[in-house]
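Subject: Structure for you to look at

Dear colleague,

I am passing on the structure we spoke about, and my notes follow below it. Please have it open while you read, since the notes go from the whole chain to single residues.

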Amino acid sequence: MKRNTLFNAVFFITAGFGMVATAQAQTAKVGSVQIESAYTRATVPGQQVAGGFMKIENKGAADQLISASSPVAGEVQLHEMAMEGNVMRMRQVKEVLVPAGATVELKPGGLHLMFMNIKAPLAAGETVPVKLKFAKAGEVEVKMPVNAMGNPGAMKH
C-alpha cells in the first residue's frame, strides 16, 4: 500500500514539473514559419544588452527574418558572431536567411537577437515579449522565458 502511495506521489510531482516546463517552452507560428525553444538570460542591474535565442523552422518557401522589437529594450538588433582570423567578432546583420524546408538556430556564438539599451534588469522566471518580422510570413509575437544567469554558453559583451 505504501509503495503505491509513494509511486503516485512521485508520478504527480514529476507530471507537475513536466507541465511547468511545457508552459514555459512556448512555440509561435506565422505562415509556414514556426518559432521554438526561444529564451533569453537574466541580466544584472546596469547591464545594457542581452542575447535572444531560438529555433526557426520554415516549412514553406525561403524567407528572411528582417527585424525584431521588444518593449524591454530600446532596440533589438539581428546579430552574428563569427571568426575573423583568430578573433571572434560580433556584428549586426540586415537579415537572417531562413531557407525553404530548413531550420535556423539563433544560439550563443552564432546568429542571435541582441537586446540593446535594456530598460530594466531581466529577472529569471519572467517572460519577455518579442515581435519578429519576416519578409514573407509577416509578424509574430514570441514570449521568451528569461533563464537564470550562468547557463552554459553565456555571451560576454
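**Overall make-up**

The chain contains 1 helix and 11 strands, and, read from the N terminus, the order of its elements is α-β-β-β-β-β-β-β-β-β-β-β. Please bear in mind that this is a predicted model. Of its 157 residues, 32% count as buried, while the area that the chain exposes comes to about 9,200 Å², with 58% of it supplied by carbon and sulfur atoms. Among the contacts with a separation of 6 or more, 67% are between residues 24 or more positions apart.

**Strand β5 and its partners**

Strand β5 (73–84) pairs with two strands that I would look at together. With β9 (residues 112–118) it runs antiparallel over 6 bridges, and within that pairing Leu78 has Leu113 as its bridge partner. With β6 (residues 87–92) the sense is again antiparallel, over 6 bridges, and here Ala82 is matched with Arg89. β5 and β6 form a hairpin with 2 residues between them, and Gly85, in the turn, has a positive phi of about 70°.

The side chains of Glu80 and Arg91 also meet, in a salt bridge with an N to O distance of 2.6 Å; this pair joins strand β5 to strand β6 across 11 residues of sequence. Glu80 counts as partly exposed because its relative accessibility is 21%, and the buried class ends at under 20%. Arg91 is likewise partly exposed, with a relative accessible area of 45%.

**Strands β10 and β11**

Strand β10 (residues 127–134) and β11 pair in the antiparallel sense over 8 bridges, and the two form a hairpin with 3 residues between them. Strand β11 (residues 138–147) is also joined to strand β2 (residues 33–41), in this case by 2 bridges and with the strands running parallel; Arg41 stands opposite Asn147 there.

Of the 4 salt bridges in the structure, one is formed by the side chains of Lys131 and Glu139, at 3.8 Å from N to O. The residue that stands opposite Lys131 in β11, however, is Glu141, and Glu141 forms a salt bridge with Lys143, the closest N and O atoms being 2.6 Å apart. As to exposure, Lys131 is partly exposed at 39% relative accessibility, and Glu139 is partly exposed at 45%. For the other pair, Glu141 has a relative accessible area of 39% and is partly exposed, as is Lys143 with 37%.

**Ser70**

One residue that I would ask you to look at separately is Ser70, which sits in the loop between β4 (63–69) and β5 (73–84). Is Ser70 buried or exposed? Its relative accessible area is 9%, and since buried means under 20%, Ser70 counts as buried. A polar atom of the Ser70 side chain lies 2.7 Å from the backbone oxygen of Pro129. Once neighbours within four places in sequence are set aside, Ser70 is in contact with Val76, Phe115, Val128, Pro129 and Val130.

With best wishes

Terms used. Residues numbered from 1 in each chain as written. Predicted model: local features only at pLDDT ≥ 70, side-chain atom pairs only at ≥ 80, totals over all residues. Heavy atoms only, no water. Helix = DSSP H or I, 4+ residues; strand = E, 2+ residues; numbered from the N terminus. Buried < 20%, exposed > 50% of the residue type's maximum accessible area, 1.4 Å probe, protein only. Polar contact = N/O pair within 3.5 Å; in protein donor to acceptor, adjacent residues only side chain to side chain. Contact = heavy atoms within 4.5 Å. Areas by Shrake-Rupley, 256 points an atom, 1.4 Å probe, with all protein chains shown as cover. Pairing = 2+ DSSP bridges.
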